[in-house]
Amino acid sequence: CSGGPDSMALFCLLLGLKEQYRWKLSVIHFNHQLRTRGGKKDEAFVRRMSKKARIRFYSGTGNVLQKAKQNKASIEEWARKMRYDFFIRTARTQKISKIVFAHTQDDQAETVLMRILQGTGLRGLSGIREKNNMGRVSFIRPLLIFTKSELLAFLKEQNIPFCHDRSNRSMRFLRNRIRLKLIPMLAREYNPRLVEALSRIPAIACEETQLFSDLELTAWREVFKRQQKKRIEFKRSAFLKYPSPLQFRVLERALKKLDPRSGLSFEAWQRIRRELHRSLYRCSLPRDIDFAVSSKKIMVYKKYA
């Protein structure tokens, strides 16, 4: 719960259903330290609301800007990483099985459009999932069917207070530029129901992604040869029988097994794909992983394992 309108709407909705479903609720809040005063005020507000509701409050903090600079990554990327890391740690230590987020239909539309602009594939078009698991913790997003305006109307009708985060108006963040400039322009000029249209795409993409996932598992079982520490080997002849989209997914699956932070970019895959016919080939990928082809094997391995 950030204290903003979406999370406060969720806070009050869950609180209203707490007795009926016998839920044991807690509130979790993360301060990104991106605002000198606002972050502390938001935390104090959420803490106060939790105390009033007589439910436990967990808070964490981290210097997102510093971490983003150190790792030469975007502030948005590190804000999300640090926030989720804290959520998962807290869930494990407190034996919490479910974390509920207040993502809306507007958030879904922004995510889909942002990924299209970045050149995503089918999995990227799946957008924000209603439910996904990380280990023993389930992430649930029950408000994806509601728009931001509907939640604001609910807050006004119920006279529920919430915080205003000025950073949501900052144009230095890509998501904010999409929300405040691009989506209004596209809705005005091309489709007044743009948010609804974009938020439909994940429902279509998810079904097709599940089909590909089933095919990927079948392909993996057929082409897999062995795994030794940080080295995975495939049977080359079996691998080459599969169409390119499944070859890509099998390789990316292997990379994730070697390092969960790794992945196969479209550009890297196109480079590898052109060389698969060669009897010998090797190239380097991010996260100190090498890809290699020999006469009978295809391998991915950690160089410094």
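Me: Buried means under 20% relative accessible area. With that in mind, which word fits tyrosine 84 and phenylalanine 139 in this predicted model, buried or exposed?

Reply: Both tyrosine 84 and phenylalanine 139 are buried, so each has a relative accessible area under 20%. Across the protein chain, 42% of the 305 residues count as buried.

Me: Threonine 90 is a polar residue I'd like to place. What makes it count as buried?

Reply: Its relative accessibility is 7%, and the cut-off for buried is under 20%, so threonine 90 counts as buried. This residue is found in helix α4. Leaving aside residues up to four places away in sequence, threonine 90 touches Ile28, Tyr58 and Ile96.

Me: Now the aromatic rings. How many aromatic pairs are there?

Reply: The count comes to 13 aromatic pairs. One of them joins tyrosine 21 and tryptophan 23.

Me: Why is the pair of tyrosine 21 and tryptophan 23 called stacked?

Reply: The ring centres are 5.1 Å apart, and rings pair when their centres lie within 6.5 Å. The angle between the planes is 15°. Planes under 30 degrees apart count as stacked, so tyrosine 21 and tryptophan 23 earn that word.

Me: And why do tyrosine 21 and tryptophan 23 count as partly exposed?

Reply: The relative accessible area of tyrosine 21 is 47%, and tryptophan 23 has 34% relative accessibility. Partly exposed runs between the 20% limit for buried and the 50% limit for exposed, so both residues are partly exposed.

Me: What makes the pair of tyrosine 84 and phenylalanine 139 edge-to-face?

Reply: These ring centres lie 5.4 Å apart, with the planes at 80°. An angle over 60 counts as edge-to-face, so the name follows. Tyrosine 84 lies in helix α4 (residues 75–94) and phenylalanine 139 in strand β5 (residues 137–140), so this pair ties together parts that are 55 residues apart in sequence. Both residues also belong to one aromatic cluster, formed by Phe30, Tyr84, Phe86, Phe87, Phe101 and Phe139.

Me: How do you know that arginine 80 lies over the face of tyrosine 84?

Reply: Arginine 80 is 4.3 Å from the ring centre, and the distance limit is 6 Å. The charge must also be within 35 degrees of the ring normal; arginine 80 is listed as lying over the face. In the same way, arginine 253 lies over the face of tryptophan 220, at 5.3 Å from the ring centre.

Me: On to the helices. Why is α1 called oblique to α6?

Reply: The axes of helix α1 (residues 5–21) and helix α6 (residues 148–158) come within 9 Å and cross at roughly 60°. That makes α1 oblique to α6, because angles under 35 degrees would be roughly parallel and the roughly perpendicular range runs from 65 to 115. The crossing of α1 and α6 is left-handed.

Me: Which residues meet where α1 and α6 pack?

Reply: From α1 come Pro5, Asp6, Met8, Ala9 and Leu13, and they meet Lys148, Leu151, Leu152, Phe154 and Leu155 in α6.

Me: Glutamine 158 is also in helix α6. Why does it count as partly exposed?

Reply: Glutamine 158 has 42% relative accessibility, which lies between the 20% and 50% limits, so it counts as partly exposed. From glutamine 158 to alanine 9 is 149 residues in sequence and 9.6 Å in space, C-alpha to C-alpha.

Note on methods: Residues are numbered from 1 along each chain as its sequence is written. This is a predicted model: local features need pLDDT of at least 70, side-chain atom pairs count only at pLDDT 80 or more; totals for chains, interfaces and linings use all residues. Side-chain values use heavy atoms; hydrogens and water are left out. Rings of Phe, Tyr and Trp (its six-membered ring) pair if their centres lie within 6.5 Å; planes under 30 degrees apart count as stacked, over 60 as edge-to-face and the rest as tilted. Buried means under 20% relative accessible area, exposed over 50%, partly exposed in between (1.4 Å probe, protein chains only). Helices (H or I, at least four residues) and strands (E, at least two) are DSSP runs, numbered from the N terminus. Axes are lines fitted to C-alpha atoms, for helices over the stretch in contact, and angles run from 0 to 180 degrees between N-to-C directions. Angles under 35 degrees count as roughly parallel, over 145 as roughly antiparallel, 65 to 115 as roughly perpendicular and the rest as oblique. A crossing is left-handed if the near helix is turned anticlockwise from the far one by less than a right angle, and right-handed if clockwise. Contact means heavy atoms within 4.5 Å.
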